[in-house]
Amino acid sequence: MFIGVDYYPEQWPRERWETDLKLMKELGINVIRISEFGWTLMEPEEGTYDFSLYDDAIKLITSYGMKVVLGTPTATPPAWLIQKYPEVLPADENGVTIGFGARRHYTVNSKTYHLLSKRIVEAMAKHYGDHPDVIGWQTDNEYGHEKSDRSYSEVDQEAFQEWLLQKYGSLEELNHRWGTVFWSQTYDNWSQIPVPRKVYQEHNPSLLLDFNRFCADAYTAYNRMQVETLREHIREDQFITHNFVYTGLAQDQKAIAEDLDFISFDNYPVWGGLAEPIKPAAIARQHDLCRGTKNGKGYWVMEELSGAQGWSQIGYLPRPGHLKLWTYQAIARGAEAIVYFRWRAARFGTEQFCHGILDHDGVPRRKYKEVKDVIDSLKRRGDDLIAADFPAEVGFYHDPENDWAWQIQPQSDQFDFIQEFLRFYEPAHALQVQGNIIRDDVDLSAYKVIVVPIYFLTKKGFNEKLEQFARQGGTVIFSYRTGVKDQDNVVSEKTLPGELSNMCGIEVHEYDSLRGSRSATVKGTAAPLEGLSAESSVWCDFIEPTEAEVLATYEDDEWFSGRAAITRNYVGRGQVYYIGTGVDRSMLLPLYEAIFKEAGIETTDTPEPVEMVTRVGDDVTYVTVLNHSVEESFDVKLPAGKWIDASNGEETFEGTLTLKPLQSIILESSN
Amino acid sequence: MFIGVDYYPEQWPRERWETDLKLMKELGINVIRISEFGWTLMEPEEGTYDFSLYDDAIKLITSYGMKVVLGTPTATPPAWLIQKYPEVLPADENGVTIGFGARRHYTVNSKTYHLLSKRIVEAMAKHYGDHPDVIGWQTDNEYGHEKSDRSYSEVDQEAFQEWLLQKYGSLEELNHRWGTVFWSQTYDNWSQIPVPRKVYQEHNPSLLLDFNRFCADAYTAYNRMQVETLREHIREDQFITHNFVYTGLAQDQKAIAEDLDFISFDNYPVWGGLAEPIKPAAIARQHDLCRGTKNGKGYWVMEELSGAQGWSQIGYLPRPGHLKLWTYQAIARGAEAIVYFRWRAARFGTEQFCHGILDHDGVPRRKYKEVKDVIDSLKRRGDDLIAADFPAEVGFYHDPENDWAWQIQPQSDQFDFIQEFLRFYEPAHALQVQGNIIRDDVDLSAYKVIVVPIYFLTKKGFNEKLEQFARQGGTVIFSYRTGVKDQDNVVSEKTLPGELSNMCGIEVHEYDSLRGSRSATVKGTAAPLEGLSAESSVWCDFIEPTEAEVLATYEDDEWFSGRAAITRNYVGRGQVYYIGTGVDRSMLLPLYEAIFKEAGIETTDTPEPVEMVTRVGDDVTYVTVLNHSVEESFDVKLPAGKWIDASNGEETFEGTLTLKPLQSIILESSN
Amino acid sequence: MFIGVDYYPEQWPRERWETDLKLMKELGINVIRISEFGWTLMEPEEGTYDFSLYDDAIKLITSYGMKVVLGTPTATPPAWLIQKYPEVLPADENGVTIGFGARRHYTVNSKTYHLLSKRIVEAMAKHYGDHPDVIGWQTDNEYGHEKSDRSYSEVDQEAFQEWLLQKYGSLEELNHRWGTVFWSQTYDNWSQIPVPRKVYQEHNPSLLLDFNRFCADAYTAYNRMQVETLREHIREDQFITHNFVYTGLAQDQKAIAEDLDFISFDNYPVWGGLAEPIKPAAIARQHDLCRGTKNGKGYWVMEELSGAQGWSQIGYLPRPGHLKLWTYQAIARGAEAIVYFRWRAARFGTEQFCHGILDHDGVPRRKYKEVKDVIDSLKRRGDDLIAADFPAEVGFYHDPENDWAWQIQPQSDQFDFIQEFLRFYEPAHALQVQGNIIRDDVDLSAYKVIVVPIYFLTKKGFNEKLEQFARQGGTVIFSYRTGVKDQDNVVSEKTLPGELSNMCGIEVHEYDSLRGSRSATVKGTAAPLEGLSAESSVWCDFIEPTEAEVLATYEDDEWFSGRAAITRNYVGRGQVYYIGTGVDRSMLLPLYEAIFKEAGIETTDTPEPVEMVTRVGDDVTYVTVLNHSVEESFDVKLPAGKWIDASNGEETFEGTLTLKPLQSIILESSN
C-alpha cells in the first residue's frame with residue numbers, strides 16, 4: 001500500500017533535500033505529494049511557465065524509488081493574478097471583499113478564474129502527464145474550507161441568477177416553489193434575485209437552500225473543469241483525486257467525486273482550536289463518510305495528522321500511540337493509502353505551527369519512530385487488509401442538503417447537525433456494529449437496518465424506498481423532526497411526519513423546542529425500554545400513535561407526561577422506530593442493542609473507548625482493535641477463535657486482550 | 001367585541017379558502033386582517049394595480065359575515081421597486097447596505113420611498129375606502145422592528161442634518177447645546193454633521209440622543225403621510241391604527257398614535273429566542289404601555305400569539321391554557337379586540353415556524369379548541385368588560401427619550417432598561433395594585449402614588465409637576481440615577497439628584513457602578529424597613545440626607561457602611577421616596593406595601609404567579625384571575641362578596657378560589 | 001515638584017474660571033495642562049488662527065502663579081478638516097472608514113494630515129514658543145489609543161509598501177525573509193503587497209510583524225515631525241513630551257521617546273470597563289515601563305485618575321485613600337510630576353463620566369480634600385524624593401516586537417501577554433525586589449538577575465549579551481516558549497530553545513498548548529523546590545536537560561510524568577533558569593526567593609497587598625509603604641533603624657508599622 005508524506009521542497013534549501021529523502025526512505029515512504037501551493041513557482045508571470053524546481057525535486061524523489069502525486073496549485077492564486085484580475089476575489093455576507101494574503105481567495109463562480117485555472121492545470125498536465133513516476137493528481141486543495149464555500153460578490157450573484165434560470169426555467173416556477181408571495185418577494189426579473197447578503201431578519205429558506213446547492217454545484221463544475229483539462233493530457237493510469245473536508249460545507253462531495261477516480265480526505269482528529277481530540281465515533285463517522293462518498297470505494301488519507309496542529313492557536317499535542325491509533329483506524333475503516341501531513345513543520349508562513357513528522361529543527365525523533373513503527377507493522381499484511389471487504393449490515397442516511405436545511409433553521413439552540421447525527425450513529429459504533437453512510441441512491445436490500453437521523457428535508461423517492469425496505473423485512477430508525485420539509489425547503493402539508501407518517505404509524509401534532517438548558521425526562525414503558533429512564537434534550541415531538549406501539553413516554557411534566565416519545569411500528573415484515581426526542585445514550589444504547597438483536601445483527605460488548613473494526617478478506621479476517629483512551633487500560637473480549645498479530649504473524653491471542661492506553665493492534669484469523 | 005385572525009389568502013390555494021372560512025366561522029371569528037405584505041400582488045409592476053385577489057378574498061370573507069382590516073403593504077417593498085430605486089435601502093453603522101430578501105428594507109428617510117408608499121396607499125384607499133365591510137386600516141407593520149428603527153445611509157445623514165437645522169435654527173445653538181467644544185467637534189456647516197457611524201471610541205451623547213429623536217420623528221412623519229393619504233379617500237368610520245412593538249426602539253409610539261384612531265399591539269409573551277415566556281409583570285407592563293399610549297384608550301391586539309413562534313429558531317411551545325390566559329390578561333388590561341396570529345402556519349417563507357391556530361397541515365386541533373373556548377367564554381360579557389373602567393391609583397412614568405439616554409450610557413454592565421423599569425414596577429403588580437404608565441403630559445391629581453423609575457433624563461416641567469403633586473399630598477417614588485441629565489443629554493450642574501434634590505431632601509455626592517458580579521448589602525434602619533436586609537445590584541447612590549429621613553443604609557463595606565441607601569422626605573402634605581440602589585424584591589415589596597397602605601391604596605396578598613385585574617363597569621365589577629404558573633395550583637383569596645363566573649353566569653365563588661396551573665377566569669359581581 | 005491638573009477652560013463659562021483657579025491655588029496646584037483638544041478654537045477655519053481663549057486663560061492662570069503645559073490638538077481634527085480632506089480618515093480591517101464623531105480619526109500615514117498637523121503646531125509654537133509661563137509641550141494625546149494604532153486604508157497600504165521598499169530594498173529579499181514561497185505569496189511588484197485586511201484564515205506572520213513595526217514607525221515619524229516643528233520655534237527650556245499608554249499597541253514608546261525630553265504617562269488603575277482596580281503589580285509594571293522608556297529618566301504622570309472613570313460604562317469608584325496611594329506609588333516608582341485628570345467632570349461630550357477632582361456640580365468635597373492632603377504631604381520632601389535614585393538589581397526584559405509576535409500567534413487561548421509577563425514579574429514585586437524594565441540596549445552588568453519572560457521573538461545580539469552576562473556571574477530566568485523565533489518572525493531551525501539552548505543546558509523536543517480549562521501539575525524535585533507542588537497553565541515545554549539540573553517535573557499524567565518542567569544550568573560563573581510552564585505563584589515565589597538569595601539580593605517578607613519602594617537620595621533613604629487592600633489592615637516589618645514620616649518629619653516608626661486599609665506613607669531615614 002502507499003504510505004507517504006506531504007512534502008514542500010520549495011520551502012527548504014536544496015542542500016537539505018537529499019537528507020530529507022534519505023530519512024523518508026529509511027522510514028519506508030513510497031509516495032510524496034507535492035506542488036499544491038506552487039503556482040508562482042510554476043507560473044511566475046502570466047503565461048510564463050517554469051517547472052524546474054519540481055522537475056529537480058521529482059528527479060531526486062524518483063531516484064529514491066518513490067512515486068509522486070501532484071497537486072494543482074489553484075487554492076493559492078498568485079499576487080500578480082489578483083492584482084490583474086481583482087474580480088476573482090470573493091466577498092462575505094456584508095459585501096466585504098476577502099483580500100489577498102492567505103489562501104482560497106477566489107470565488108469559484110468567476111469565469112476569469114476558470115480560465116486562469118485551466119491554463120495552469122493544462123500546463124502542468126502537458127508537462128507531467130506522461131511522467132512515469134507521477135502516479136496521480138490532486139485537484140486544488142480542500143475545496144470550500146475556511147468559509148470559502150460561500151461567496152457573495154456580484155460575480156456570484158450573476159452566477160446564482162443564471163443557475164436559477166437553468167434550474168427553474170421560468171420565474172413563475174421559482175416564485176411558486178419558493179413561496180415568494182410571502183413578504184411580497186415576487187421576482188419579475190432574474191436580475192432582482194439577491195445572494196443572501198445582510199438583511200434585517202432572515203432570508204427566504206428556499207432561497208437559502210438553493211444558494212447552498214448553487215455553491216455546491218459551482219465547486220462541482222470547477223472541479224470538473226480541472227479533471228477534464230487533466231484528462232486531455234495525462235496518462236490514463238494517472239489517477240485524479242481531491243482531498244475533501246467534511247464539515248457541513250455548502251458542497252456535495254459525492255457529486256464532485258463522480259468525476260474523480262477516488263476521493264481523498266484530510267484526517268485531523270485534533271486541530272488548532274481544540275483542547276482535545278474529537279470523540280472516536282466522530283472520527284469514525286468521517287471515515288464512513290469518505291467510504292460512502294463513492295459507495296464503498298477505498299480512499300486516500302492525503303493528509304494524516306502527524307503532530308500538534310494550528311495556525312495562531314495550537315491544539316492538543318497527540319500523545320505517543322495516537323499516530324498509530326488514528327492510522328490504523330483510518331485503514332480499518334477504508335483508507336487504502338496514508339500520506340502524513342507534513343514531512344516537516346514549516347519555518348515561515350501561516351502554518352508554522354502545523355507540526356509534522358519532523359519539527360522545525362528537522363531532527364527525527366519520537367514521531368519519526370512512531371511512523372516507522374506503523375509502516376513496518378503494515379508491511380506484512382497492509383496490502384491484503386486494504387483489499388478486504390468492509391462488511392456492513394446497517395446504513396446511515398446522510399445527505400448534505402438535509403444538513404444545509406438544518407443549518408438554515410436549527411430550530412433549537414441546542415441543535416448541532418454533527419452532534420445530533422452522532423447521537424444516532426454512536427450507539428452502533430459502541431456496539432461494534434459496522435455501517436455504511438449512504439445516500440438515497442443505494443440499494444437498501446444490502447442492509448438489515450437503516451438509520452435515518454434528523455431526516456428533516458425529505459426526498460419523495462427515498463421515502464418510498466424506505467417503506468418498501470421495511471415491508472420486505474428491514475428495520476428503519478427515524479428520529480425527531482422527520483418528514484418536515486420537501487426539496488424546496490417548504491413544510492409538508494401532510495400531518496407530521498408527513499410522507500413518513502403511515503410508515504411510522506404515528507402522527508405528530510405538537511412539538512417543543514428545548515432551548516437553553518431545558519430538558520425532558522423519558523421513561524421506557526414497554527420492552528426493550530421498560531424500566532429505563534433517561535434525559536432528553538434539543539427537541540420533543542409529542543407522538544400520537546395511529547398504528548405504532550409506544551416504547552417510551554415523557555414524564556415529570558404537567559402536560560407532557562404520558563405522551564409517547566419513542567414508538568415502534570410493524571410494516572409488512574419489517575419494523576419502523578421513531579425516536580421523537582434527543583434522548584441520551586443510556587436509553588439509546590439498549591434500544592439499538594435490542595433492535596440489532598432482533599434484526600439478526602451481532603453486537604459486541606466492549607468498554608466505551610474501545611473500537612473494533614472487522615475486515616473480511618478472501619482467506620483471512622482482520623480485526624483492528626483500538627483503545628482510544630489516553631489514560632486507561634482495558635480488557636477486550638475477542639471474537640471466538642485464535643487471533644494472530646498481523647504485524648508479525650507471531651503473537652497469538654485468544655479470549656481476552658488487554659490493551660494499554662492508546663494501544664492499537666491489527667489481528668488476523670484464517671477464514 | 002372583535003375577535004379575529006391574521007389571514008394570508010395569497011399564501012393558500014383558492015380551493016382552500018372556503019374550508020378556512022368555514023372553520024373560522026365555527027370558531028366565532030368576526031374580523032380578519034389581510035394584505036399587509038401584499039404589495040407585489042396589488043402593484044405587480046410600477047403604477048399597475050391589481051386588487052383582484054383581495055377583492056375575491058374579501059367577497060368570500062364578507063359572505064361569512066366577517067369584517068376586514070386592511071394593512072398597507074409598505075413593510076415589504078417589492079423586488080422591482082428596490083431594483084429601480086436602490087436608494088431606499090437602509091444601511092447599518094458600518095455603512096453596509098441592508099439588502100433585499102427579508103422585510104423592512106427601507107429607510108423611512110427616503111423621499112423616494114415616501115412617494116412610492118403614498119402611491120400604493122392611495123391606490124388601496126381609493127379601491128377599498130368605501131367598502132362596507134372594510135372597517136379599518138393598519139399602516140405598514142411593526143415600525144422599526146428588527147433594527148429597522150435606525151438607519152445610517154447618506155440619505156439618512158442628509159435628513160438628519162435637515163432635522164437638526166429645523167430643531168436648532170443655527171449651528172451656534174447646536175454647538176452650544178451639544179457641547180461640541182469638547183474634542184473640537186464644532187461644526188461650521190450643517191453638512192459636516194455625521195450620523196453615528198463607526199468611530200474609534202464613542203459619539204457625543206447629545207448627538208446620539210438627537211439621532212434617536214430624529215429616527216423617531218422620521219417614523220412619525222412617515223406614518224402621518226400614510227394616515228393623511230388614507231383619510232383623503234376612506235370613509236370616516238373606517239379606523240386607522242398601527243401595530244406597535246415596545247422594545248426600546250428609537251420610536252415614539254405616543255407621537256405616532258396621535259395620528260391614529262387607536263393603537264394596536266402585537267402580543268408575543270414568548271418568541272423564537274426564548275426558552276420560556278417572559279414574566280407575568282413583563283407582559284402586564286407591555287399592556288399598560290399600550291393602554292397608556294393614548295392615555296387610557298382601549299387598543300387592539302392585532303397579533304396575539306396562538307402557537308410556538310420563531311424564524312430559524314423556535315421558542316417554547318405555549319402550554320394548554322396559555323392562549324386563554326394571555327388573551328384574558330390582554331383584555332383585562334385594556335385590549336378591546338383580539339386578532340390571533342396567525343390563522344395557519346405558512347408552509348414557505350422566513351416565518352414558516354410562526355405557528356398559528358392551525359399548523360401546517362391545516363387540521364383544527366387543540367389550539368383551535370382553546371381559541372373556541374376563549375371566544376365562547378367572552379360572548380356573554382366580553383363587550384361589557386371591555387367597556388368597563390380600569391381603575392388606577394398609581395402612575396408609572398415612562399418616556400422613550402429616557403430609555404434612549406440609558407441605551408446610550410448604560411453606565412453599569414448590569415443595567416438593562418426594561419429589567420430596571422420592572423424592578424420598580426413589579427412590586428405593585430405583585431400586590432395587585434393597578435397603575436397606568438404615563439408621560440409628563442397627564443394630570444397627576446388622578447393618582448395617589450407616582451413611581452418615577454431610573455429618571456435619568458429629566459424634563460423641567462415634569463419636575464415641577466411632581467413637586468406640586470407631592471406638596472398636595474401625593475407620594476412620589478424615585479430610584480437611583482434620578483435627575484442626572486437635562487433634555488440635551490447634558491449633566492446637571494446642580495448637585496444630584498439635580499432639580500429633584502430639594503424635593504427628595506437629599507444630595508448625592510458619590511456613587512458607584514456595580515459591574516460584573518459586584519453587589520451591595522442594604523439594611524433597613526427605620527420603619528417600614530427596620531430589621532430587613534437585602535442585596536442590591538447595578539448601582540449605588542450614596543445619599544446625604546439634607547431633610548430626608550433614612551430608611552435603609554449600606555452595610556458590610558469598609559467605606560459604604562452606614563451611608564444612606566433609601567430615604568423618605570416629607571414635602572408639603574406628601575412624601576417623596578428615593579431608592580438609591582438596585583435593591584431586590586425582598587425589600588421593595590414590603591416598602592411598596594407600606595407606601596401603598598399609607599397612601600390609602602388597597603393591596604391584595606396573592607401567591608406570586610397569580611395576577612388579578614379589576615375592571616369597574618356601570619353595573620358590574622369584573623375581576624380577571626390568572627394563574628401564570630405552568631406547574632402549581634394556588635388558592636386565591638377573592639375580594640369580599642359573591643363572584644360569578646362571567647363566562648356562563650352560573651358558577652358562584654366566595655372566599656377562596658383554587659386555580660389550577662395556567663387556569664384563568666373572569667369573575668363578575670354586581671356593583 | 002510639579003503637581004497640577006488637566007483643565008479645559010473652553011468647556012466652562014468664563015465667569016467660572018476665577019473660582020476654579022482660586023480653588024486650584026488653595027489646593028497647591030502649580031501647573032496646568034490645557035489645549036490638547038482645542039483645534040477648532042485655535043484654527044476655526046483653515047489657515048485662520050485665533051488664540052484668544054487660551055491667551056485669556058493663560059493670563060489668568062499665570063496671575064495665580066501657575067505654569068502651563070500646552071497640548072498640540074492633533075488628536076481631534078476638526079469637522080471642517082475632515083470634510084475637506086476625507087482621505088485622512090482611517091479604516092478598519094474590513095475597509096470600513098472610521099468616521100468623524102469621536103477622536104483619533106486620522107491615519108498617521110496620511111501626508112495630508114502631516115501637513116495640516118504641522119501647520120497648527122507651527123502656529124501654536126510661534127504664538128506660545130516664547131511665553132515665559134509656558135514650560136512645556138505635549139504632542140497630540142495618547143497616540144494609538146482606542147485601536148487607532150493600526151489603520152488599513154489605501155493610504156496606509158501605499159505607505160506600507162514604501163516602508164517595505166525602504167526596509168528590504170528588493171522584493172527578492174522580502175520574499176525570502178517572509179517565506180512567501182509558502183502558499184504562493186511571492187510578490188513581483190511592491191504594489192501587490194496588502195495591508196492585513198480580512199482574509200479567509202490568517203495572514204503571513206512575517207507580514208503581520210512588519211505591519212506592526214510599520215505602524216509603530218509611522219507614529220514615531222509623525223511625532224518627530226511635531227517635535228521638529230516645535231523645536232524650530234520654541235524656547236530651549238520649554239520641554240516636549242507625550243502622554244503614552246502602554247497596552248500592547250503597535251507602537252514603540254522608546255523610539256518615540258528618543259525625540260522627547262522626557263515621557264509622560266496616563267495612569268488609570270481602574271477604568272470604565274473594570275469592576276475593580278488592576279493588581280498592584282500590574283500598576284507597578286506600568287510605572288516600571290515608563291521609567292524604562294528613557295532608561296531610568298523620571299517621567300510625568302500627565303493624567304492621574306482622580307475619580308470614577310468611563311464613557312458609556314462607568315468603572316469602580318476609587319475609595320478614600322486610593323488617590324494618595326496611587327500618587328505615592330507613581331512617585332515612588334519614578335514619576336516626578338503628577339497632573340490630575342481632570343479638574344472637573346465635563347457636563348457634555350463623550351467623557352461626561354470621567355470624574356475629576358470636582359464632580360459636575362463643581363463643589364470641592366472628599367476628593368478635593370484628599371488631593372490637598374497629598375500635595376501638603378509632599379511639600380516637605382517631594383523634591384528630594386523625586387531626585388533620589390531608584391536602586392534596582394533586577395532587569396525585566398520587555399520588547400514590543402515580542403509582544404506583537406505573541407499577539408499574532410498567542411498559541412494557547414489561555415495566553416495573554418500582560419498576564420504572562422506579570423506571572424514572571426509579580427514574584428519580585430511581592431518580595432519587594434526592585435527591578436527595571438529593560439530593552440536589549442542596556443548594560444546588563446548593572447544587574448544581578450535578568451528575567452526574560454516569554455522570550456519568543458529573539459534578538460541575536462541580545463542572546464549573546466545574555467550568555468556573556470551569565471558567564472560573568474549573572475543569573476538569567478527564562479520561561480516557556482523561549483527562543484522560538486527570529487526577527488523575521490520565522491521559527492528557529494535550531495532545536496528549541498534555539499539560540500538559547502546551550503545557555504540553558506536543555507533541549508525542548510515536545511510541547512503542549514494547554515487550551516480551555518486544561519492544566520498540568522508540577523512537582524519540585526530538587527532544592528529549592530523540593531517537596532513543593534503546583535498547578536500550571538497556558539503551556540508546557542517538556543524539557544530534555546543536556547547540561548541542566550532538573551528542579552521540577554510534571555506529574556499525574558500518563559505521558560508527562562517525570563519530564564522536566566523547571567531547570568537550572570550553570571554557565572561560567574552564573575546560572576540560567578528555565579521555567580517551562582505557566583506555573584503558579586505558589587511555586588514561583590519560593591523559586592524567586594531562592595534565586596534572589598543566591599544572587600545576593602535582599603528580599604522582604606510582606607503581606608501580599610503591601611508594596612514597599614525604596615529610593616536612595618544623597619543624604620536620605622525613602623521607603624514608600626503602600627497597603628493596596630481596601631479591606632484589611634496589615635502589620636509591616638520595616639527595614640532596620642528609625643523611620644520618620646516624611647510628610648511632617650515628626651512621627652517616628654521602628655520595627656513594625658500597622659497600615660490601615662488603603663493607607664500609604666512615605667518614610668525617611670538618614671543614610
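**Entry 1: A:Arg103.** I began with A:Arg103 and counted 25 C-beta neighbours inside 10 Å, so I entered this residue as buried, the cut-off being 20 or more. I note here that I am reading a predicted model, and that burial in these entries therefore describes predicted coordinates. Looking up where the residue sits, I found A:Arg103 in the loop of chain A between α4 (79-84) and α5 (111-128). When I set aside residues up to four places away in sequence, its contacts were A:Ala75 and A:Thr76 from chain A, together with C:Trp183, C:Tyr200 and C:Gln201 from chain C.

**Entry 2: the record.** I then turned to UniProt, where an unreviewed entry lists A:Arg103 under "binding site", along with A:Asn141 and A:Trp311. I followed up A:Asn141 next.

**Entry 3: A:Asn141.** I located A:Asn141 in another loop of chain A, the one between β4 (134-138) and α6 (154-168). Is A:Asn141 buried or exposed? I recorded A:Asn141 as buried, because 23 other C-beta atoms lie within 10 Å. Leaving out its neighbours within four places in sequence, I listed A:Glu36, A:Gly71, A:Ala75 and A:Asn243 as the residues in contact with A:Asn141. I marked A:Ala75 in my notes, since this residue is listed among the contacts of A:Arg103 and also among those of A:Asn141.

**Entry 4: chains C and A.** As A:Arg103 touches residues of chain C, I looked up the contact between these two chains and found 48 residues of chain C against 49 residues of chain A. On the side of chain C that touches chain A, α8 (205-233) and β14 (506-513) each supply at least two residues, and the largest share, five residues, comes from β14(C). Sorting the residues of that side of chain C by character, I wrote down 16 nonpolar, 20 polar and twelve charged.

**Entry 5: chains B and C.** How is chain B laid on chain C? I noted a turn of 120° with a shift of 0.0 Å along the axis, which leaves an RMSD of 0.1 Å. The two copies are thus related as by a three-fold rotation axis. Within chain B, I found that the C-alpha nearest this axis belongs to B:Val96, at 5.1 Å from it.

**Entry 6: confidence.** I closed by looking up the predictor's own scores, and for chain A the pLDDT averages 97, with 100% of the residues at 70 or above. For the complex, I copied down an ipTM of 0.97 and a pTM of 0.97.

Conventions. Residues numbered from 1 in each chain as written. Chains lettered and ligands numbered in written order. Predicted model: local features only at pLDDT ≥ 70, side-chain atom pairs only at ≥ 80, totals over all residues. UniProt positions renumbered as here; feature names shortened; annotations may be inferred. Helix = DSSP H or I, 4+ residues; strand = E, 2+ residues; numbered from the N terminus. Buried ≥ 20, exposed ≤ 12 C-beta atoms within 10 Å, placed from the backbone. Contact = placed C-beta atoms within 7 Å. Least-squares fit on C-alpha atoms with pLDDT ≥ 70 in both. pLDDT = per-residue confidence, 0-100. Nonpolar A, V, L, I, M, F, W, Y, C, P; charged D, E, K, R; others polar.
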